[in-house]
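User: Please explain the terms used to describe this model. I should like each label set against its criterion.

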Amino acid sequence: MDVAAEVIKIIAKKVPGEPRELQAGDNLAELGLESLDAVEMIFDLEEKFDIQIPVNANNAKAEFATVGDVVTAVEKIVAEKARPA
Amino acid sequence: MKRVAVTGLGAVTPLGHDTETFWEGVTNGRLGFGPITCALHERLTQKVAAPVAGFDPLAHFDEKSLAILDRVSQFAIVAAREAIAQSGLVIDGALSERTAAIVGTGSGGMGTQDDAYRRVFLENLNRVFPLTIPRLMVNAPASLVSMHCGIRGPTFVTASACASATHAIGQAFHMVRSGMVDAAVTGGTEASIVFGCMKGWEAMRIMAPDLPRPFSRDRKGMIIAEGAAMFVLEPLATAQARGATILAEIVGFGMSADAGDLTSPDEGGMTRAMLGALSDASLSPSDVDYVNAHGTGTLVNDIAETAALKRVFGDHAPKLAVSSTKSMVGHALGAAGALELLATVMALREGLVPPTMNWLGPDPACDLDVVPNEARTMPINIAISNSFAFGGLNAVLAVKRAA
């Protein structure tokens, strides 16, 4: 599965307005994601990949500023999950 | 319009099961946090809450009464009994029909709901306890306070999430002030540290992993609490005539709705509620000495509340003592405003401001005097207590030291 493509698809669902091509450098707040959108997006990502993303809304803005930040974080968690213990 | 006195206080809190122990705790910076012990707690990511530890229902109720009492109603009744006993008011005869019981709660009997759902969904049982519905209904705490305390006047629950108790007390204040009732037993109660609710809070991602640090740098969110606080309100003149001790006077109440975001705090709505309370009390901003803040310890609440305080108080804002007792008792949701009014009334009486604990250092966006980490002795004549709820519902009470 192309994790990055799936992550971007999930983020795109939360971006208001006309569908558009998302870039790694796009800032989530500037794309129009509000705090509840971000919480819903994280839930969707956790459901999609069956993972836990340890993000607190109180510092999410710093950790998850851009589309690329989210992709990198999810890829890392998915890779850790795939590795045998 | 009648002046309204507070003549009784009662509490069941994470810091102790009566007003005196609660007050000793919040003035000594004691912390009420501990492990979550509800059924299925091992499946929770969140490990810390502010439970009412060591509460023994059988110390307060017989087994037959307990069959209809969810924990949320138990807390309310125990706190109401303490408040009524302190007031010395005998609620019987004609007075019982002229007394109100107005209780705030965010969600009612969540323990009962969780137990029932666990049976049918998880254990595949096909029946739940017979009194499930009357135990969990959101109005149960008010109904059961009325039954246990013999109150037969206006009785209902107010539900406005984290402002529920403050809305309840404000409603009771209006009823006594207008002469609609001769006394009111009012406050708030909550008991929702149960698996289903905590999963919901986990999904909101606004809980701190360890401690709430209101107005501090590096704060990471709130901690969920449970408990109740209750008050007896009476017309000042009647209370004085019967020789009651006047603990404080409630002088104003303000409310507003943000009509904006369901969960993000709104500086404008906060501002309007505080100005409403001051205007209702005919007070100037410079009359206020102490603010018991909503102060949840989330990133956004504390910034918005600081900004709103600056808008309301202007040049006077830096002179205010502003503290968050949630730093010690956590966020008791629908009971929070009652626990905080209790701290505010005691602060007025004792001339002692509870601290904001767990404060690590300044956040430039929260630059008021938040009484960090140590209680402060200072004369207080007027205080306000802020409650700002999910749903954009705001309520503020203004309180005056008893003459």
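Analyst: The model is predicted. The secondary structure of chain A comprises five helices and zero strands, and along the sequence the pattern reads α-α-α-α-α.

User: What makes the radius of gyration of chain A agree with that of a compact globule?

Analyst: The rule multiplies 2.2 Å by the number of residues to the power 0.38. For 85 residues this gives a radius near 12 Å, and chain A has 12 Å, so the value agrees with a compact globule. Along the principal axes, the C-alpha atoms of chain A fill a box of roughly 40 × 30 × 20 Å. Of the 85 residues, 16% count as buried.

User: Why is Q23(A) called exposed?

Analyst: A residue is exposed if 12 or fewer other C-beta atoms lie within 10 Å of its own. Q23(A) has 10 such neighbours, and therefore counts as exposed. Q23(A) is located in the loop between α1 (3-14) and α2 (28-31) of chain A. Its C-alpha atom is 8.9 Å from that of I8(A), with 15 residues separating the two in sequence.

User: What makes strand β6 of chain B mostly covered?

Analyst: The label buried requires 20 or more other C-beta atoms within 10 Å. In β6(B), residues 183-190, eight of the eight residues are buried, and the strand is mostly covered. Both faces take part: A183(B), V185(B), G187(B) and T189(B) point one way, A184(B), T186(B), G188(B) and E190(B) point the other way, and all are buried.

User: How do you know that β6(B) pairs with β4 and β7 of chain B?

Analyst: Pairing requires at least two bridges between the strands. Six bridges join β4(B), residues 99-104, to β6(B), and these strands run parallel; V103(B) stands opposite G187(B). Seven bridges join β6(B) to β7(B), residues 227-235, in an antiparallel arrangement, where T189(B) has A228(B) as its bridge partner. Both counts satisfy the criterion, so β6(B) pairs with each of these strands.

User: Which residues of helix α1 of chain B are buried, and what do they pack against?

Analyst: In α1(B), residues 19-27, the buried residues are T19(B), F22(B), W23(B), G25(B), V26(B) and T27(B). An α-helix has 3.6 residues a turn, so residues three or four places apart point the same way. The buried residues of α1(B) pack against β1 (4-12), α3 (71-87), α13 (326-329), α14 (336-350) and β11 (352-353) of chain B. Just after this helix, G29(B) adopts a positive phi of about 70°.

Notes: Residues numbered from 1 in each chain as written. Chains lettered and ligands numbered in written order. Predicted model: local features only at pLDDT ≥ 70, side-chain atom pairs only at ≥ 80, totals over all residues. Helix = DSSP H or I, 4+ residues; strand = E, 2+ residues; numbered from the N terminus. Contact = placed C-beta atoms within 7 Å.
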